[in-house]
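Reader: I'd like to go through this model with you and hear what stands behind each label. Where shall we begin?

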Amino acid sequence: MTSILTIPNLLTFMRMALIPVFASLLFYQHDIWALWVFIIAGVSDGIDGFLARRFKQESELGTIIDPIADKLLMTTAFIILSLPNVLPPVRHLPVPFWVTISVIGRDVLILAVAAAINIITGFRGFRPSWLGKLSTFVQVLAVGLVLLSAVAGYSSYLPTTYAIVVLLAFVSGAHYVFQVARLMKEDEVTGAG
């Protein structure tokens, strides 16, 4: 039980609990509060990872729920930020649908590849890549910048932000597929040896 109720895992559960709060605030156009809740969720993500490593509280549950919390938060944020009439009428808002679909498409690709490989081969040695972590970090930053532009009314940086998000989504998705292929090869060599 103690490996489940660690401070990092509790912070991840808190982040998951903040997702419907964030979504409701955003949907009902409480942009400033939504921005604060998103900042708290983002900071808790950094803190839980730091605490897990620093105090050796990494757990199997944490390695599963932490990326799930990230994906749920990002998917929710991008979907709501793409809806018309949710954000104030600021240039380059709402988030274009092609940005949202590339973020969600990358995650669907990763899940589909991992599930198919696991079902066919039983391989479970999936690990996040540095490009995947960078892509997620940029997505978090992008959502923060979108919310900031909705609050401040300044949005000239958003087209560049959208382009970087989409580029990293494609590159990290492709990189993940190649990384899994390499890990499977290494696993075969280790298993045969």
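**What the labels rest on**

Author: With the outside: Ile32, Trp33, Trp36, Ile39, Val43, Ile47 and Val151 make a nonpolar surface patch of about 700 Å². Bear in mind that this is a predicted model, where local features need pLDDT of at least 70, side-chain atom pairs count only at pLDDT 80 or more, and totals for chains, interfaces and linings use all residues. Residues are numbered from 1 along each chain as its sequence is written, and side-chain values use heavy atoms, with hydrogens and water left out.

Reader: What makes that a patch, and which helix gives the most to it?

Author: Patch members have over 30% relative accessible area and no salt bridge, with nonpolar side chains (Val, Leu, Ile, Met, Phe, Trp, Tyr) joined within 5 Å and like charges within 9 Å. Here H2 is the main giver, with six residues.

Reader: Why is Val43 called partly exposed?

Author: Val43 sits in helix H2. Buried is under 20% relative accessible area and exposed is over 50%, with partly exposed in between (1.4 Å probe, protein chains only). Val43 has 46%, so partly exposed is the right label.

Reader: How do you know that the span of H2 agrees with its 24 residues?

Author: The expected span is 1.5 Å times one less than the number of residues. For H2 that should be 34 Å, and its end C-alpha atoms are 34 Å apart, so the two agree. Just after H2, Lys56 takes a positive phi of about 50°.

Reader: What do the buried residues of H2 pack against?

Author: They pack against H1, H3 and H5. Among them are Ala34, Leu35, Val37, Phe38 and Asp48.

Reader: What makes the largest nonpolar core a core, and which residues have the most contacts inside it?

Author: A core is a set of buried Ala, Val, Leu, Ile, Met, Phe, Trp, Tyr and Cys residues joined through side-chain atoms within 4.5 Å. The largest one has 36 residues, and Phe22, Leu26 and Val143 have the most contacts inside it. Helices H1, H2, H3, H4, H5 and H6 each supply at least two of its residues, with H5 giving the largest share, seven. Phe22 touches Ala34, Val37, Phe38, Leu73, Ala77, Val143 and Leu147, leaving aside residues up to four places away in sequence (contact means heavy atoms within 4.5 Å).

Reader: Why does Phe78 count as buried?

Author: Phe78, in helix H3, has 2% relative accessibility, which is under the 20% limit, so buried it is. Its contacts include Val95, Val99, Val143 and Val165.

Reader: What makes Asp48 and Arg15 a salt bridge?

Author: The rule asks for a side-chain nitrogen of Lys or Arg within 4 Å of a carboxyl oxygen of Asp or Glu. Asp48 and Arg15 meet at 2.9 Å, N to O, which fits. The pair links helix H2 to helix H1, 33 residues apart. Both ends are buried: Asp48 has a relative accessible area of 4% and Arg15 has 0%.

Reader: What about Asp107 and Lys71?

Author: They meet at 3.7 Å, N to O, still within the cut-off. Asp107 lies in helix H4 and Lys71 in helix H3, so the pair ties together parts 36 residues apart in sequence. At 10%, Asp107 counts as buried, whereas Lys71, at 27%, counts as partly exposed.

Reader: How many salt bridges does a search of the whole structure find?

Author: Six.

Note on methods. Helices (H or I, at least four residues) and strands (E, at least two) are DSSP runs, numbered from the N terminus. Accessible areas come from the Shrake-Rupley method with a 1.4 Å probe; for residues, only the protein chains shown count as cover.
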